[in-house]
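Subject: Structure handover

Hello,

Here is the structure you asked to take over. The notes on what was found in it follow below.

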Amino acid sequence: MANILLLEDDESLNRGISLKLAKEGYTVLSAAGVTKARRLFEENEIDLIISDITMDDGDGLEFCRMVRKASDVHFIFLTALDQEVDVVNGYDAGADDYIAKPFSLMVLISKVNALMRRIGGGSTEEQVIGSYDIRVRFREMKAYKGEEEIFLSKREMQLLLYFLENPKQIISKEQILEAVWDVDGQFVDDNAVPVTISRLKKKIGGGDCYEYIKNVRGIGYLWTTEAWKR
């Protein structure tokens, strides 16, 4: 199975991504800084690099440029820097893909598997997550109810994926803001979460005797049915 070098200085995020990739069958070499990442790259045969851009001991863009001088290994940037100029700089440095935080782990895994398929490694299965008759196909990044496509905004899609990844547990408004809006240092209107959830509920509907998303008064929200992945 493929070797993946993960460069991410957020300890919690690094651990979460590493565990998910390992469950998919990949070997993960983890680094929290550019110095260690350089050493791991030089000492191991790497098939894919996933890297943040801003680190205490260096710059992910410079690391990518260094890698590109020595290898055509697949390279994904994973960063909160999501302005157009940041994306352009990432691709100019040699990246194959650019994922802005916050993000869905399933989307990341889908992109990793897609890149691995190009070099003959990784999962050959299409990544799909769903619940009853709702499903999201990651290759297309489209949502469906039965066989009918549901047209969602980017934020609604992120919210749906977050619910599908955390089914049958109460999720607070604060957790949703952190995961879907990435509110650190930003102002988000108090109505952003309930309004977006209301729109999502209207689009996905429900069954004869239930609704997918339930409001739990004073606590948060609950995706009411089991979810599956394949």
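Helices (H or I, at least four residues) and strands (E, at least two) are DSSP runs, numbered from the N terminus. On that count, the protein has eight helices and 15 strands. Please keep in mind that this is a predicted model. Of its 230 residues, 46% count as buried. Among contacts between residues at least 6 apart in sequence, 57% join residues at least 24 apart.

The parallel sheet

Five strands make up an open sheet with parallel pairing, in the order β2-β1-β3-β6-β7. Its edge strands are β2 and β7, each of which pairs on one side only. On average, and with direction ignored, neighbouring strands of this sheet are turned by 20° against each other.

Two helices can be placed against this sheet. Helix α2 (residues 34-43) packs on it and touches β1, β2 and β3 (48-51), and the direction of α2 makes about 145° with that of β2. Helix α3 (residues 60-70) also packs on the sheet, where it touches β1, β3 and β6; the direction of α3 makes about 180° with that of β6.

At one edge, strand β1 (residues 3-7) pairs with strand β2 (residues 27-31) in the parallel sense, over five bridges. L5 has L29 in β2 as its bridge partner. Between these two strands the chain passes through helix α1 (residues 11-23), and this β-α-β crossover is right-handed.

At the other edge, β6 and β7 are joined by four bridges, again in the parallel sense. Here F77 has Y98 in β7 as its bridge partner.

Two residues in β6 and β7

F77 lies in strand β6 (residues 74-79). Its relative accessible area is 0%, so F77 is buried. Beyond its neighbours within four places in sequence, F77 is in contact with a list of residues that includes S51, I53, L61, C64, Y98 and I99. S51 is 26 residues away from F77 in sequence, while their C-alpha atoms are 5.0 Å apart in space.

D97 belongs to strand β7 (residues 97-100). Is D97 buried or exposed? Buried means under 20% relative accessible area, and D97 counts as buried because its relative accessibility is 15%. Leaving aside neighbours within four places in sequence, D97 is in contact with F75, I76, F77, Y91 and K111.

The antiparallel sheet

A second group of five strands forms an open sheet with antiparallel pairing, in the order β11-β10-β9-β8-β15. The edge strands here are β11 (148-150) and β15 (228-229), and each pairs on one side only. Within this sheet, strand β8 (residues 128-131) and strand β9 (residues 134-137) run antiparallel and are joined by four bridges. S131 stands opposite I134 in β9.

The helices around α8

Two packed helices are described by the angle between their axes and the distance between the axes. Helix α7 (residues 173-181) and helix α8 (residues 192-204) pack at about 80°, with axes 10 Å apart. That angle makes α7 roughly perpendicular to α8. On the α7 side the contact involves K173, I176, L177 and W181, and on the α8 side A192, V193, T196 and I197. By class, these are six nonpolar, one polar and one charged residues.

Helix α6 (residues 154-165) also meets α8: their axes come within 10 Å and cross at roughly 80°. The two helices are therefore roughly perpendicular to each other. R155, E156, L159, L160 and F163 of α6 make this contact with T196, I197, R199, L200 and K203 of α8. By class, the contact of α6 with α8 has five nonpolar, one polar and four charged residues.

Two backbone angles to look at

Most residues other than glycine have a negative phi. Which values does this model give for Y132 and K168? Phi of Y132 is near 55°, a positive value in a residue other than glycine. Y132 sits in the loop between β8 and β9, and it is exposed, with a relative accessible area of 60%. Phi of K168 is also positive, near 55°. K168 is in the loop between α6 and β12 (170-171), and it is partly exposed, at a relative accessible area of 49%.

Regards

Methods: Residues numbered from 1 in each chain as written. Predicted model: local features only at pLDDT ≥ 70, side-chain atom pairs only at ≥ 80, totals over all residues. Heavy atoms only, no water. Axes fitted to C-alpha atoms, helices over the stretch in contact; angles between N-to-C directions. Parallel < 35°, antiparallel > 145°, perpendicular 65-115°, else oblique. Contact = heavy atoms within 4.5 Å. Nonpolar A, V, L, I, M, F, W, Y, C, P; charged D, E, K, R; others polar. Pairing = 2+ DSSP bridges. Right-handed = clockwise from strand over helix to strand, strands pointing away. Buried < 20%, exposed > 50% of the residue type's maximum accessible area, 1.4 Å probe, protein only.
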